[in-house]
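Trainee: Could we go through this structure together, one question at a time?

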Amino acid sequence: TLKALSPQDLAGKKVLITLGPTRESWDAVRFWSNPSSGTMGACMAMAAHLRGAEVTVVAGPTALDFPSDISVVPVNTALEMYQAATDLWPDMDIGCATAAVADFRPVSFGEGKFKKSDSRDSGLTVEFQPNPDILQSLGAHKNSSQKLIGFAAETADIAQEAERKLQSKNLDLIAANDISKEGSGFAVRTNQMYVLDSQGRREMWPQLSKTEVAWRLWDHLLLD
Ligand code: CTP
Ligand code: CA
């Protein structure tokens, strides 16, 4: 099998991966979300699994499925993802946050379905409130043997933003991509990554498939 051919350099490690979008409901039939497919997270999960890790995925709504020895916790909202990930974190060795978490959720309209006739003349304004930052919370509760990988999606100031997120979320490694470039970001098969680690290494990677990005990120984390 593929696993038998892979280096078992993550054997004995428990790995937590968040992936996919979140859905933030507003009324009975409507939600706020984004086009994340969960592909980068699935690639991180599969690579870790092949390299011997015990993988748990906290997954927002996606079309993905996983081999039965990867355990999957399905969630919808950012609050559910936050709850699941923070509960699992103390028992984990490595965390990897690939999820495209909605930064805000709509202030709920209520249980029922909003009728357009209620707003036909005035237009519709929806109010939002902030969601918790899941990765920041994992970073704030990271012990000395745990490692944490983050991602960043940027359309401007990629280097400064990646630097800031590496520090402020207490990460060991962050992979940032410029989603304004073709061939990077949401629902595409490749990514061009700017990779920064807490040891001071800074690397610009060529455009690679997400499978290869995942493999190299695990290599990078294992450097020391
Ligand atoms: N993240 C998270 N929980 C959130 C927001 C982000 O866990 N509520 C994680 C993402 O999974 C990613 C990293 O934080 O690994 C960076 O996400 P990103 O959206 O690029 O950064 P933000 O800190 O949300 O800042 P902004 O969107 O303003 O750039
Ligand atoms: Ca964000």
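What follows is a short chat about a predicted model.

Trainee: Which element gives the most to the shell around ligand 1?

Mentor: Start with the whole shell: 16 residues surround ligand 1, and Ala97, Val101, Ile134, Leu135 and Gly150 are the closest. Helix 4 (134–140) and strand 9 (147–154) each supply at least two residues of it. The biggest contribution, four residues, is from strand 9.

Trainee: And how many residues of that shell are nonpolar?

Mentor: Let's set the others aside first: four residues of the shell are polar and three are charged. The nonpolar ones number nine.

Trainee: Is threonine 98 buried or exposed?

Mentor: You'll find threonine 98 in the loop between strand 6 (94–97) and strand 7 (104–106). Now count its surroundings: 25 other C-beta atoms lie within 10 Å. The cut-off for that label is 20 or more. So threonine 98 is buried.

Trainee: Which helix gives the largest share of the largest nonpolar core?

Mentor: That core has 53 residues, and Val15, Ile17, Met44, Ala48, Met81 and Ile174 have the most contacts inside it. Eight residues, the largest share of this core, come from helix 2.

Trainee: Leaving aside neighbours within four places in sequence, which threonine is methionine 44 in contact with?

Mentor: Go down the partners of methionine 44, leaving out those neighbours: Ile17, Cys96, Ala214 and Leu217 are among them. Seen from the other side, the contacts of threonine 98 beyond four places in sequence include Met40, Met44 and Phe151. The threonine you want is Thr98.

Terms used:
Residues are numbered from 1 along each chain as its sequence is written. Chains are lettered from A and ligands numbered from 1 in the order in which they are written. This is a predicted model: local features need pLDDT of at least 70, side-chain atom pairs count only at pLDDT 80 or more; totals for chains, interfaces and linings use all residues. A residue is near a molecule or strand if its C-beta atom, placed from the backbone, lies within 6 Å of it. Ala, Val, Leu, Ile, Met, Phe, Trp, Tyr, Cys and Pro count as nonpolar, Asp, Glu, Lys and Arg as charged, and the others, Gly among them, as polar. A residue is buried if 20 or more other C-beta atoms lie within 10 Å of its own, exposed if 12 or fewer, and partly exposed in between; C-beta atoms are placed from the backbone. Two residues are in contact if their C-beta atoms, placed from the backbone, lie within 7 Å. A nonpolar core is a set of buried Ala, Val, Leu, Ile, Met, Phe, Trp, Tyr and Cys residues joined through C-beta atoms within 7 Å.
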